Amino acid sequence: MAKMAAICNVLIISTALAATPSMAASLVTFIFGDSLTEVGNNNFLQLSLAKSNYPFYGIDYIGGKATGRFTNGRTIGDIISSKLGVPSPPPYLSLAPNDDALLKGVNYASGGAGILNETGLYFIQRLSFDDQIKNFEKTKESIKARIGEEAANKLCNEAVYFIGLGSNDYVNNFLQPFLADAQQYTHEEFLGLLISTLGEQFTRLYQLGARKMMFHGIGPLGCIPSQRAKSSRGQCLKQVNLWVQQFNSEVQKLLANLNRHLPSAQFSFADTYQAVLDLIDNPTAYGFKVSNTSCCNVDTKLGGLCVPNSKVCKNHSEYVFWDAFHPTDAANEVLAGKLFAELFSHPPSAAPLASP
């Protein structure tokens, strides 16, 4: 599942990739990610345990019904898309190979997904980043069959690719002591595996025609409710946050290196770690009352999701978190607004090297 670490796993159409918001309507966007970016792919995976197509998810969404989004309402991607006047791309598994929607963008994100194929293994079914890339390859073949190879290559070269993964590789892999990776690797070794795998995956997307790729770093994972529950005093886990910051630093170095060596590549890194941490540390400054636990009274020992028999708080907008991992619609609104303002006020640097 996507965590608060992935709280800004959104459809980003920034000034680094597109000139102005007025041009957004002509943009094609492809989204890769986990449950913070998902809009319903896992609904089509019969055996998947990583689903949110039941109450109380979607209770504040249009129609008041669950759609497969892991929140009570909109994702940040929905909100940013609305600000730009474009619809959020539909889930890949909802589309037929000859669907016209393929020409306008697709969302491949899947709850439980990780950079590593073994991440989220206990969810039975989920689409890993490798799976999502394979589905994009199928999408390109379908587009090629419809508009020809030259036009398909042009479309893929000019499209915007948003990629937000990594939090599950920690929360649903390395931080689970009973899983193989946690027993087999030190963090330094695990981080090396993540970065080398990510490099191969980015290169594969590049070979398929992707040029404008934005990767969203992980936020303060140690402060999400599922991790706070491991602290005797409900505090943030400093070691987890340190590991996350190391991951973000290494990804920035990777992207800078890819920009230097892959012709016409435009990799960029979106880092909202501090912004998310500020929302958690100072909720009242943003109109919230609670940020250390979730609106939905979840059992963190049994998955941490907001299942139908859960008790839900009365005022959803007072809480930063909806369940043990995911933000509320109100929190998404705040973060989407900040992110939108930042992206369209000045272009972010392509992929800055981390400070020593």
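**Notes on the core, disulfides and a small-volume cavity**

1. Let me start with the core. In this predicted model, the largest nonpolar core contains 88 residues, and those with the most contacts inside it are Phe30, Tyr170 and Phe247.

2. Phe247 is a good residue to display next. Setting aside neighbours within four places in sequence, Phe247 is in contact with Ile115, Leu165, Gly166, Tyr170, Leu191, Leu194, Ile195, Leu198, Phe215 and Ile218. Tyr170 therefore turns up in both places: among the residues with the most contacts inside the core, and, under the 4.5 Å heavy-atom cut-off, among the contacts of Phe247.

3. On to the cysteines. How many disulfides does the structure hold? There are three. Counting bonded cysteines along the chain, their pattern is 1-2, 3-6, 4-5.

4. The pair Cys223 and Cys236 has its sulfur atoms 2.1 Å apart. The torsion about the S-S bond is about 120°, so this disulfide is right-handed. The link joins distant parts of the chain, 13 residues apart: Cys223 sits in the loop between strand 4 (212–216) and helix 7 (225–228), and Cys236 in the loop between helix 7 and helix 8 (238–261).

5. Are the two ends of that link buried or exposed? Cys223 is buried, at a relative accessible area of 1%. Cys236 has 24% relative accessibility and counts as partly exposed, because buried means under 20% and exposed means over 50%.

6. Next come Cys295 and Cys313, whose sulfur atoms are 2.0 Å apart. With -95° about the S-S bond, this link is left-handed. Cys295 is found in the loop between strand 6 (290–294) and strand 7 (296–297), and Cys313 in the loop between strand 8 (311–312) and strand 9 (319–321), so the disulfide ties together parts 18 residues apart in sequence. Both ends fall under the 20% limit for buried: Cys295 has a relative accessible area of 4%, and Cys313 has one of 12%.

7. The remaining pair is Cys296 and Cys306, with sulfur atoms 2.1 Å apart. Here the S-S torsion is 90° and the link is right-handed. Cys296 belongs to strand 7 while Cys306 lies in the loop between strand 7 and strand 8, so the pair connects parts that are ten residues apart in sequence. As for accessibility, Cys296 is buried at 0%, and Cys306 is buried with a relative accessible area of 0%.

8. While you have the cysteines selected, please look at Cys156 too. Its relative accessibility is 0%, so Cys156 counts as buried.

9. Finally, the cavities. A search of the whole structure turns up two of 30 Å³ or more. The second largest has a volume of about 30 Å³. Which residues line the second largest cavity? They are Ser35, Leu36, Phe70, Thr71, Thr75, His326, Pro327 and Asn332.

10. The make-up of that lining may interest you as well. It divides into three nonpolar residues, five polar and no charged. Leu36, Phe70 and Pro327 belong to the lining, and Leu, Phe and Pro count as nonpolar. Ser35, Thr71, Thr75, His326 and Asn332 are also in the lining; these residue types are counted as polar because they fall outside the nonpolar and charged lists.

Conventions. Residues are numbered from 1 along each chain as its sequence is written. This is a predicted model: local features need pLDDT of at least 70, side-chain atom pairs count only at pLDDT 80 or more; totals for chains, interfaces and linings use all residues. Side-chain values use heavy atoms; hydrogens and water are left out. On a 1 Å grid over the protein atoms alone, a cavity is a set of points where a 1.4 Å probe fits but cannot get out, and a pocket is an open set with protein on both sides within 12 Å along at least five of seven lines; lining residues have an atom within 4 Å of a point. Grid points are joined across faces, edges and corners, and a volume is the space filled by probe spheres set on the points. A disulfide is a pair of cysteine sulfur atoms within 2.5 Å. Helices (H or I, at least four residues) and strands (E, at least two) are DSSP runs, numbered from the N terminus. Buried means under 20% relative accessible area, exposed over 50%, partly exposed in between (1.4 Å probe, protein chains only). A nonpolar core is a set of buried Ala, Val, Leu, Ile, Met, Phe, Trp, Tyr and Cys residues joined through side-chain atoms within 4.5 Å.
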